[in-house]
Amino acid sequence: MWLKTILNKIANTGIYDNTPFDVRNKLRVFNNANFVIFGINIFYISIGLVQHFYLAVWVTAYSMASCVVCYFLVKANKYKIAFHYTVWYGGAFLSAFSILFGGANNSYYYFLFVPVACNILFDKLSVTIGYAVLSTAFMIANIHYVENYAPVYDVKEWMRLFSYPNLVFATLLIFMGVRLFKEENKKYALKIEEQKKVLEEKNKEITDSINYAKKIQSALIPSESEFNAHFKESFVLFRPKDIVSGDFYWAVKMNNKLFYVTGDCTGHGVPGGFMTMLGISYLDEIITEKNITEPAEILNALRDRLIHTLKQTGTAGENKDGMDVVLCRLDLNTKTLCYAGANNSLY
């Protein structure tokens, strides 16, 4: 259990609450690979000490130190530097082993891992292709060197068997890198699916709530048939932008006088919908309850009512919620029309 806890802690190094999911994916793969490389280095340092290959021990120690440097770079949230540094120090380290041991251990096979790692770590295709070309060039140069130049160390025949662990380690790194990346992508996809379901549920709740608000708003706004009862040859074009409308129309008949209002409120959707309901309820109060019938006086009263309700004082930076209104009063006896407007013309 404690070993699993340690391994999880290493894998999650540099991953914080604000770390993007795609970066978390890369970091877990990188941290795991860095840990495996550190372990491989311990293996070869042990062999080097036993065989008195002290120069090789120092080179491997540099690789181990680089693993530690990358760990702290990732921990300090400088993972991009760690990614690039790993590619460069890896090339130098593998080339050094080719010089020291020639083709005895086939260490240049590790260059096969570089394009795989770059595809995982780097988003820019140009960077990945650049490093793939560079690693190929390094590998060709290493093969050319071991075929044409003598190694620093005279390796015994039985030690050539260590080329097999190198092949195993290289294959393991490639397999582990791809496998971890696949598993992390699967977790990422599941996380997205979970969040998608949550968003869909929230969206349904919000949409249902807004649709219910629309029913309330529709109950306050006259239906087209009610409107046509006042104006025989007429039609209504009413198309809310966001389910609930920030605009409204309203009509009422009182004392053989017909009042008609069109309002354009600030905002759309729910905020605009609140304003329309305030406007309609205040107009009904002003005209039918307070019996104010002069269009200009009605709009002045509406303005005062809204300023009081919204607690507007006129100070700088304050919200400017309100509405542009057209109000008409048609006297059915005299057939005269009286109009008043607030930031709106008659038509």
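Q: Why does Y85 count as partly exposed in this predicted model?
A: Y85 has a relative accessibility of 27%. Buried would need under 20% and exposed over 50%, so Y85 lands in between and is called partly exposed.

Q: And what makes Y89 buried?
A: The relative accessibility of Y89 is 3%. That is under 20%, so Y89 is buried.

Q: Why is the aromatic pair of Y85 and Y89 called tilted?
A: The ring centres of Y85 and Y89 are 5.4 Å apart, with 35° between the planes. The centres lie within 6.5 Å, so the rings pair; the angle is neither under 30 degrees nor over 60, so the pair is tilted.

Q: How do you know that Y85 and Y89 are separated by about one helical turn?
A: Both belong to helix α4 (residues 79–101), and because they sit four residues apart there, about one helical turn separates them.

Q: What makes F93 and F97 a tilted pair?
A: Their ring centres are 4.9 Å apart, which is within 6.5 Å, and their planes meet at 45°, between the limits of 30 and 60 degrees, so this pair is tilted. F93 and F97 are also four residues apart in helix α4, so about one helical turn lies between them. Both are buried. Together with F43, Y44, F53, F101 and Y153, they form one aromatic cluster.

Now to the charged side chains.

Q: Why is the contact between D208 and K204 called a salt bridge?
A: The N to O distance between the side chains of D208 and K204 is 3.0 Å. The cut-off is 4 Å, so the pair qualifies. The two residues are four apart in helix α7 (residues 163–220), so they are separated by about one helical turn.

Q: How do you know whether K204 and D208 are exposed or partly exposed?
A: K204 reaches 54%, which is over 50%, so K204 is exposed. D208 has 38%, between the two limits, so D208 is partly exposed.

Q: What makes K290 and E285 a salt bridge?
A: Their closest N and O atoms are 3.6 Å apart, which is within 4 Å, so the rule is met. K290 is exposed at 52%, whereas E285 is buried at 17%.

Q: Why does R329 count as buried?
A: R329 has 14% relative accessibility, under the 20% limit, so R329 is buried. Its salt-bridge partner E294, at 3.2 Å (N to O), is partly exposed with 36%.

Notes: Residues are numbered from 1 along each chain as its sequence is written. This is a predicted model: local features need pLDDT of at least 70, side-chain atom pairs count only at pLDDT 80 or more; totals for chains, interfaces and linings use all residues. Side-chain values use heavy atoms; hydrogens and water are left out. Buried means under 20% relative accessible area, exposed over 50%, partly exposed in between (1.4 Å probe, protein chains only). Rings of Phe, Tyr and Trp (its six-membered ring) pair if their centres lie within 6.5 Å; planes under 30 degrees apart count as stacked, over 60 as edge-to-face and the rest as tilted.
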